[in-house]
Amino acid sequence: MRIYKVGGAVRDRLLGIPVTDIDRVVVGATTEEMLAQGFRPVGADFPVFLHPKTGEEYALARTERKSGRGYGGFTFHASPEVTLEEDLIRRDLTINAMAEDDQQNLTDPYHGQRDLEARLLRHVSPAFAEDPLRVLRVARFAARYAELGFTVAPETLELMRQLSESGELEALTAERSWKEISRALMENQPQVFIEVLRACGALKVLMPEIDALFGVPQPEAHHPEIDTGAHTLSVLEQAAQHKQPLTVRWACLLHDLGKGLTPEEEWPRHIAHELKGLKLIKAVNERFKAPRDCQELALLVGEYHTHGHRALELKPSILLELLQSFDVYRRPQRFEEFIAACEMDARGRKGLEQRSYPQADYLRGAAHAARSVAVQPLLEKGFKGPELGEAIKRERLKALKAYKEAASA
Ligand code: CTP
């Protein structure tokens, strides 16, 4: 049997990027031979094994044929006769379809190295269409390698467009899609992921709520970039530049969905877009079964981001309601993430990227003031149950009034 490194490990080594996990393909072996050498099978009918010591993946060379719609619709054909070239041709991109042996001899029948040099994400063959998830994968690679100058080859974008129009994307499971989306959002240029999905028509299918933001104007005085879609991408870009976690990036992406619902005659104003957007945020959250912390933050940021921007003008009673809505006493981290998302929103405006955001420290100070209210003295005064709750709220309101006065003095 012959063993080769394949896929990302070869690609990233050639790009000079640290390689994290290594996939290997095994040519000329049977399942029985693998088992006899101590390899552990990964799934019942999937010809993939884990190395007994390193735990790394070894897959038998295989050809894949599509036999139906969706991810279930695959038949695998793995046998010792399948050649390395046959295995590589069913892969997604030329830069992912290279193999190398132990001596770093490269097998590159589909010119991956040429495309690496040309900075092109190009599909290997029409077999690309056999897995619609690849539309998201290509967009994710575009986001990851944008800094290196990579773009999607026009013919690949065209194939992605056909796949998006064919209805195949609807067959993807929430889990597979979310995995790609969440990884893409954590890349350095996550806005490129959305741009590529939009360019091939996939955004309209996967997240029509975001697609609808392009072409929707906002008041130029607050938003020099005007377009709501362009603004959303800039907010996401800021979130990545500021190394924000996934929760914040997800909330940034979804914060303005309500603006897509504004009737044209009301443009460029978007009255109550915060509340109107909530049902759309909920729909996107549920469509991809986003993790609970991502869902929660996206809804809270959607509802309250303009409160964040107006923090310094908020009455103490409204400030208190805001802090209560976030349960800032038990969930301080979530409020920090809210503040971060608001700041990214403010910075995601053309020409205002560097402007300071004093609301952030003001909100932190307010949270601190409210949290500093001690419960013990109220207990000692004999407050219990709902009365205790009310007494704590009164004290917090007092603390916030004092905080606001001190801050404006
Ligand atoms: N592959 C594919 N189509 C898919 C998934 C994977 O063709 N839908 C192939 C590609 O050749 C890819 C390899 O399987 O390079 C390994 O896949 P994976 O580990 O998901 O990706 P990597 O390319 O290693 O990239 P990453 O750095 O994102 O893990």
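1. Let me start with a hairpin: strands β4 and β5 pair in the antiparallel sense over three bridges. Six residues sit between β4 and β5, and in that turn G55 has a positive phi of about 75°. Within the pairing, V48 has A59 in β5 as its bridge partner. For the terms, two strands count as paired if DSSP finds at least two bridges between them. Strands (E, at least two residues) and helices (H or I, at least four) are DSSP runs numbered from the N terminus.

2. A word on the model before going on. This is a predicted model, in which local features need pLDDT of at least 70 and side-chain atom pairs count only at pLDDT 80 or more, while totals for chains, interfaces and linings use all residues. Residues are numbered from 1 along each chain as its sequence is written, and side-chain values use heavy atoms, with hydrogens and water left out.

3. The hairpin belongs to a wider sheet. Seven strands make up an open sheet with mixed pairing, in the order β3-β4-β5-β2-β1-β8-β9. Its edge strands, each pairing on one side only, are β3 (40-41) and β9 (106-107).

4. Now follow the sheet inward from the hairpin. Strand β5 pairs with β2 in the parallel sense, over four bridges, and here V25 finds its bridge partner in A59 of β5. A59 is thus worth a look on screen, since V48 also has A59 as its bridge partner. Next, β2 (residues 23-27) and β1 pair over five bridges in the antiparallel sense, with R24 in β2 as the bridge partner of K5.

5. On the other side of the path, β1 (residues 2-6) runs antiparallel to β8 (residues 99-100), and two bridges join them. There, V6 stands opposite A99 in β8. Helix α1 (residues 8-15) lies across β1, β8 and β9, running at about 60° to β1. That angle is taken between N-to-C directions, on a scale from 0 to 180 degrees, using axes fitted to C-alpha atoms (for helices, over the stretch in contact). Contact here means heavy atoms within 4.5 Å.

6. What do the side chains of R24 and E56 meet in? They form a salt bridge, at 2.5 Å from N to O. R24 lies in strand β2 and E56 in the loop between β4 (48-50) and β5 (57-60), so the pair ties together parts that are 32 residues apart in sequence. The whole structure holds 23 salt bridges by the rule used, namely a side-chain nitrogen of Lys or Arg within 4 Å of a carboxyl oxygen of Asp or Glu.

7. On to the domains, whose bounds come from an automatic or database domain assignment. The chain is divided into domain 1 (1-111), domain 2 (112-370) and domain 3 (372-408). Between domain 2 and domain 3, the C-alpha centres lie 37 Å apart, and their contact takes 17 residues from domain 2 and 11 residues from domain 3.

8. How much area do domain 2 and domain 3 bury between them? About 1,200 Å², with 65% of it on carbon and sulfur atoms; buried area is the accessible area (1.4 Å probe) that two parts lose on being put together, summed over both. Zero salt bridges cross this interface, whereas eight residue pairs are in polar contact, both residues being at pLDDT 80 or more. A polar contact is a pair of N or O atoms within 3.5 Å; within protein, one must be able to donate a hydrogen and the other to accept it, and residues adjacent in sequence count only if both atoms are side-chain atoms. On the side of domain 2 that touches domain 3, α16 (316-325) and α18 (359-371) each supply at least two residues, and α18 gives the most, with seven residues.

9. Finally, two backbone details to check. The peptide bond from W267 to P268 is cis, with omega near 0°, and P268 lies in the loop between α12 (246-254) and α13 (273-276). H111 has a positive phi of about 65° although it is not a glycine; H111 is placed in the loop between β9 and α4 (112-118).
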